[in-house]
Structure formats: C-alpha cells, structure tokens
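Got the viewer open and a selection box ready? Let's walk through this one stop at a time.

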Amino acid sequence: MDMNLRKIAMQKELTGNNPQQMLFAEEIAPTKTLYPSDSKREKLEDKFKNLIHEELKLGSVVSYVGNKNVPFLRIYRYKEAFAFDFVMDFLRRFEADSDDYVFDPFSGLGTTMYTSMICGIPSVGIDKLPIAHFISKTLPLLLLLKENELKEIWASLIPQIQKSEPADVALDVPIMKVAFEEETLLTLRKLKSAIDDLSHPYRDILLLLFFSILEECSFTSKDGQFLRLNRDKKTSSPIDAMNRKIAQLPGFQESVQRV
Ligand SMILES: C[S@@+](CC[C@H](N)C(=O)[O-])C[C@H]1O[C@@H](n2cnc3c(N)ncnc32)[C@H](O)[C@@H]1O
C-alpha cells in the first residue's frame, strides 16, 4: 500500500469514516504544537494527560444534529447542544444510576440534564445564557402534558391573539428594526402577549415554542454566535409556524421510548 492510501485508511479508521471529519483529518497534529509553550492550557493538559484521550469516532454523534429526530430536544435549534445519544453513551460508560448526580457546568439547552432525567438520574447544570437556562428548565415540563393537551390550549389561544395588546419590543436592539416584516412583527407581539396571559406550565411551554419559531419568521439566520440578515429569505407566518411546532409534539411514550 502506498503512503497516501495508508494515510487515508488510517484517517477512515480514526474518524469512523465520517466525511466531515475526514476533511480535517489532514490537520491532526500533535497536541504539543497547538499552544504557545508554557501556556496554562498546555500545563493543564499535561497534568491530566493520563485521563485525556481522543475518540474521533464520537465526532459524528456529539453535535445537536443528532437530535433532529429526538422528541422535545429537536424543538429549539441550539447549535451548540450535544446529541442525546452522545450523553447516553457516557451515562452508560460511567454506569450512572439514580444514586449519582450529573453536573453540567456548561449546560446549554440541557441535553445532558434532560437525558439524565429520562434515565432517572438526578442532575444539575449552569449556563451563562438566560435563553439556555429558560429552555433547559422548560423542556421537562413537556413531559407533564397529557395527549392533545397542548393542542387544545393552542386552539383556545388562537382567537385571543388578534384581540391582545402588542407586547413591547426591544427597539434599542438595532436588528429588531429590520429582522421582521411589519405585519409578522405585529402578530408576534400579540402572540407574545396572549401567551403571557396563560397559566403555568402552558405559559413557559408556549413561550419555548414561540422562541423556537422566531428564526424562521425573520429575515435572520444564526451564524455561529451572530445573526446574519438576509432580506431575500422566505419567511413563515407566526401562526403557521406555531401550528407546525404543535403538530410535531410527540406524546410521553414516544419521548421516553428511545431509552
Ligand atoms: C457546548 S454548549 C453545552 C452543551 C450542553 N452540555 C448539552 O448537554 O447540550 C456550551 C455552553 O456553554 C455555555 N457557556 C460558555 N461559557 C460559559 C461560562 N463561562 N459559564 C457558563 N456557561 C458558559 C454556552 O452558553 C453554551 O450554552
């Protein structure tokens, strides 16, 4: 086998034949050359080197893309989230059970905590983003719903929307002036007010769905940590987008049957 073929075979082995990672396999470099010598990062890696090892095969399951068929976790597109199967893998490796406590210091939308909860393992998490905190505390509420309960709440809310006073908008945030069609923004503001009048837990659950439709109703798209404006983007009407979200919600059985 010539040198290149051997290298490609080794990359396939290392990356679990994942084409996205294969692109970067060329760049696999000895860790020591990645940081300035004597950096804190290098010292930490050195201190824990016996505990750290690379498993490039996990690259294909770490990302939120793995949640696209997972009930509830697929509701809000949080690009930085882990995948449900990735967390399950680690809970099994550590043989975690209800006597343990999972701690996630960077909990994002709460995949780790949610997966732990589905497995009956207590957990606690921290995230600096208020939206991440809100989503992770709201996701478990969805498990309290009875079959069709939310559909009924939504059906009774629809006639209230046009009658509601438009909620305030943060017009000091410059992108708010250009992110939405005028009529779309007005409907969103009325929808937000109507949701605010609901009782617990419907208010938070519908607010989560409301946050999850904002991107498709706007001329913006998330690009890493930033919002990119695209005035040619085809946008959704808020009511249609909410209808689709509600229709996609599974029952309790479907949400736990993966375990
Ligand atoms: C990769 S995501 C976490 C994914 C998450 N563990 C899961 O189970 O889906 C990293 C998170 O760390 C949060 N974060 C970054 N710096 C932080 C800090 N200094 N304190 C708390 N959270 C932080 C980000 O807001 C982001 O949600």
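**The whole chain**

Start with everything shown: of the 259 residues in this protein, 22% are buried. Keep in mind that you're looking at a predicted model. Switch to cartoon and you can pick out 12 helices and 4 strands. If you like contact maps, take contacts between residues at least 6 apart in sequence: 57% of them join residues at least 24 apart.

**The nonpolar core**

Next, select Y76, L109, I135, L208, L209, F210 and I213. In the largest nonpolar core, which has 36 residues, these touch the most other members. Now colour the helices that supply at least two core residues each: α5 (84–93), α6 (111–118), α7 (130–138), α9 (182–196), α10 (202–217) and α11 (238–248). The largest share, 7 residues, comes from α10. Where does this core lie relative to domain 2 (63–141) and domain 3 (145–250)? Both domains give residues to the core, so it lies between them.

Zoom in on L208 for a close-up. Skipping residues up to four places away in sequence, L208 touches I75, Y76, I135 and T138.

**Two helices, side by side**

Hide the rest and keep α5 and α6. Two packed helices are described by the angle between their axes and the distance between the axes. For α5 and α6, the angle is about 60° and the axes are 9 Å apart, so the two helices are oblique to each other. Their crossing is right-handed. To see the interface, show F84, V87, M88 and L91 on α5, which meet T111, T112, T115 and S116 on α6.

Stay with α6 and bring everything else back. Because 7 of its 8 residues are buried, α6 is largely enclosed by the rest of the structure. The buried ones to highlight are T111, T112, M113, Y114, T115, S116 and I118. Then step just past the end of α6 to G120, which takes a positive phi of about 80°.

**Last stop: F219**

Finally, centre on F219, in the loop between α10 and β3 (220–223). Is F219 buried or exposed? Count the other C-beta atoms within 10 Å of F219 and you get 20, so this residue is buried. Draw a distance to F180: the two residues are 39 apart along the chain, and their C-alpha atoms are separated by 6.1 Å. Leaving out neighbours within four places in sequence, the contacts of F219 are V178, A179, L229, N230, R231, K233 and T235.

Notes
Residues numbered from 1 in each chain as written. Predicted model: local features only at pLDDT ≥ 70, side-chain atom pairs only at ≥ 80, totals over all residues. Core = buried A, V, L, I, M, F, W, Y, C linked by C-beta atoms within 7 Å. Buried ≥ 20, exposed ≤ 12 C-beta atoms within 10 Å, placed from the backbone. Domains from an automatic or database assignment. Contact = placed C-beta atoms within 7 Å. Axes fitted to C-alpha atoms, helices over the stretch in contact; angles between N-to-C directions. Parallel < 35°, antiparallel > 145°, perpendicular 65-115°, else oblique. Left-handed = near helix turned anticlockwise from the far one by under 90°.
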